[in-house]
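I opened the notebook to look up how one pair of helices crosses and how two domains meet. The entries follow in the order of looking.

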Amino acid sequence: MKLNAEELKKDFPILKRKIYDHEIVYLDNAASSQKPQVVIDAIADYYSNHNANVHRGLHTLSEEATELYENARKTVADFIGAVPQEVIFTKGATESLNRVAINWALHNLGKDDIILTTDFEHHSNLIPWQEKARIVGAKLEFVEADEKGEVSAKQFKDKFEEFGTRIKLAAVTHASNVLGTILPVKEICKIAKEYGAKVSVDGAQAIPHLNVNVQSLGCDFYSFSGHKMLGPMGIGVLWIKRDLLEGLEPYEFGGGMIDEVSFDAATWAAAPEKFEAGTPNVEGALGLATAIEYLEKIGMDNIREHEIELNMVLLNELQKIKEVRILGPLDPTKRTGLVSFALDGLHAHDIAAVLSGLGIAVRSGHHCAMPYHVKKGFSATTRASYYLYNTQEDIEALIAGIKEAIKTFS
Amino acid sequence: MNPNDNIYRQELMDIYKNPVHKGALSDPSAISHKKNPMCGDEMDLYLKIEDGVIKDASYTESACVVSVIASEILLEKVIGKKVEAINKMTKDEFLTDLGLNLSTSRVKCAMLVFEAVKEALEKYAGK
């Protein structure tokens with residue numbers, strides 16, 4: 001069923017705002033999405049009716065809060081094809097990725113081992129590996145995007161053939177936040193398995209837009225944030241494959257994660273509690289679960305279809321403007337709902353500022369992928385990223401705004 | 001008010017489109033290089049100093065309109081001034097002088113040239 005973006009817009013109170021007398025055109029969803037009323041209400045309802053600490057008390061509120069929190073975990077698990085035990089709540093994809101780096105990589109990598117990644121990763125899927133590699137003497141190896149902004153499974157296979165079992169971990173994004181490119185993660189996992197390597201996937205840009213099933217992908221770790229998928233800020237997920245849960249040490253120590261404690265030592269609770277020391281973000285987990293239910297009601301396939309349509313319109317229109325250089329694949333089916341571009345002779349900041357004056361929100365900069373921008377000779381680019389509430393009219397407003405920016409500065 | 005009505009007004013766009021201080025100096029007394037890692041703006045700043053006076057100043061950049069306009073206005077101001085006078089100039093004085101009514105994120109764009117001038121003067125003093 002085709003989704004009706006115009007109708008869905010009404011579910012998002014912030015989209016009724018006017019910016020300098022213009023209707024807001026929100027095209028910065030890859031940075032953070034807006035929240036539907038149901039998510040806002042779920043959080044308010046939690047604090048109005050159920051708030052108490054979880055896993056601690058026998059009183060009614062604590063039991064209700066615990067139940068809501070654990071149900072949220074189950075909703076997340078079902079959404080990604082996992083079991084609740086494997087779902088660890090974090091504050092976002094950045095924390096999730098850092099946990100893989102600290103809890104797994106630091107203990108399992110040694111001198112001259114290799115972490116295989118790509119040359120267009122978000123800084124949060126680059127720097128944690130750089131830092132851990134520096135500590136243990138491991139190295140990073142990069143699969144490079146081709147001129148179309150794509151990478152193939154074959155390129156990963158070549159790296160494994162070259163470096164063999166020295167590659168202990170492939171740390172890749174599921175979809176690029178700069179290029180939009182969707183990576184062949186399933187194939188990458190298959191190749192990595194043949195060499196006994198683990199695969200950690202940064203799903204921050206994929207899970208809001210695609211059907212994700214961690215089992216069928218075949219990865220070992222999957223990280224994402226709630227706020228890019230209609231959920232609140234400050235909540236994210238680290239999915240860890242069940243076989244690995246036992247062998248991993250906790251990340252933080254304190255309340256809620258213990259089995260037994262003496263004055264000298266302690267033993268740990270089972271996962272997921274083992275990885276969630278301290279009072280968790282219950283409102284965030286609830287908000288995320290409500291967002292997931294909202295997404296499921298619309299249907300991830302319908303969202304994907306809608307975004308491919310918007311990709312088609314935007315890519316088509318951008319290619320008609322001679323000053324525009326598009327990053328990433330021109331095939332609308334090969335990217336998620338975002339397009340980054342540069343305008344010859346015009347700084348991305350100025351484009352974003354002119355657009356902002358028209359009520360249009362886009363991102364400008366290097367989108368936390370500085371090495372890739374430097375390598376490609378872009379000081380900064382402009383990124384338009386959409387979601388289920390963006391309409392074709394939003395894209396038309398963007399194109400009109402870009403043309404106005406060109407006129408202003410030439 | 002829409003901040004763009006101020007930044008992108010005609011007189012400033014004329015400055016942007018006809019910069020007079022852009023380019024490298026052939027025999028500078030001090031050079032600095034500044035970057036804004038958040039947005040990717042970059043600048044090289046050149047000063048020619050004789051007898052404690054800034055005789056000439058220029059810049060090369062890969063930067064936005066705000067950064068270019070701020071550079072043009074600041075360099076126009078520093079040329080012919082004593083080094084100690086520019087050393088004393090504060091960030092707030094500079095921004096007030098600029099009069100662009102900038103939003104928080106764009107203040108950083110304007111500050112690039114100010115920091116570049118300060119750094120070049122520090123380098124010169126350290127010689």
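I began with the crossing of helix 2 of chain A over helix 10 of chain A, which is right-handed (a crossing is right-handed if the near helix is turned clockwise from the far one by less than a right angle, and left-handed if anticlockwise; helices are DSSP runs of H or I with at least four residues, strands are runs of E with at least two, and both are numbered from the N terminus). This is a predicted model, in which local features need pLDDT of at least 70 and side-chain atom pairs count only at pLDDT 80 or more, while totals for chains, interfaces and linings use all residues. Residues are numbered from 1 along each chain as its sequence is written, and chains are lettered from A and ligands numbered from 1 in the order in which they are written.

For helix 2 (residues 37-50) and helix 10 (residues 282-298) of chain A, I noted axes that come within 9 Å and cross at roughly 145°, the axes being lines fitted to C-alpha atoms over the stretch in contact and the angles running from 0 to 180 degrees between N-to-C directions. Among the residues that meet, I listed A:V38, A:A42 and A:Y46 from helix 2 of chain A, and A:L286, A:T290 and A:Y294 from helix 10 of chain A, with contact taken as C-beta atoms, placed from the backbone, within 7 Å.

I then turned to the domains, whose bounds come from an automatic or database assignment: domain 1 of chain A covers 5-31 + 299-409, and domain 2 covers 41-296. The contact between them takes 24 residues from domain 1 of chain A and 24 residues from domain 2 of chain A. On the domain 1 side, helix 11 of chain A gives the most, with five residues.

Conventions. Contact = placed C-beta atoms within 7 Å.
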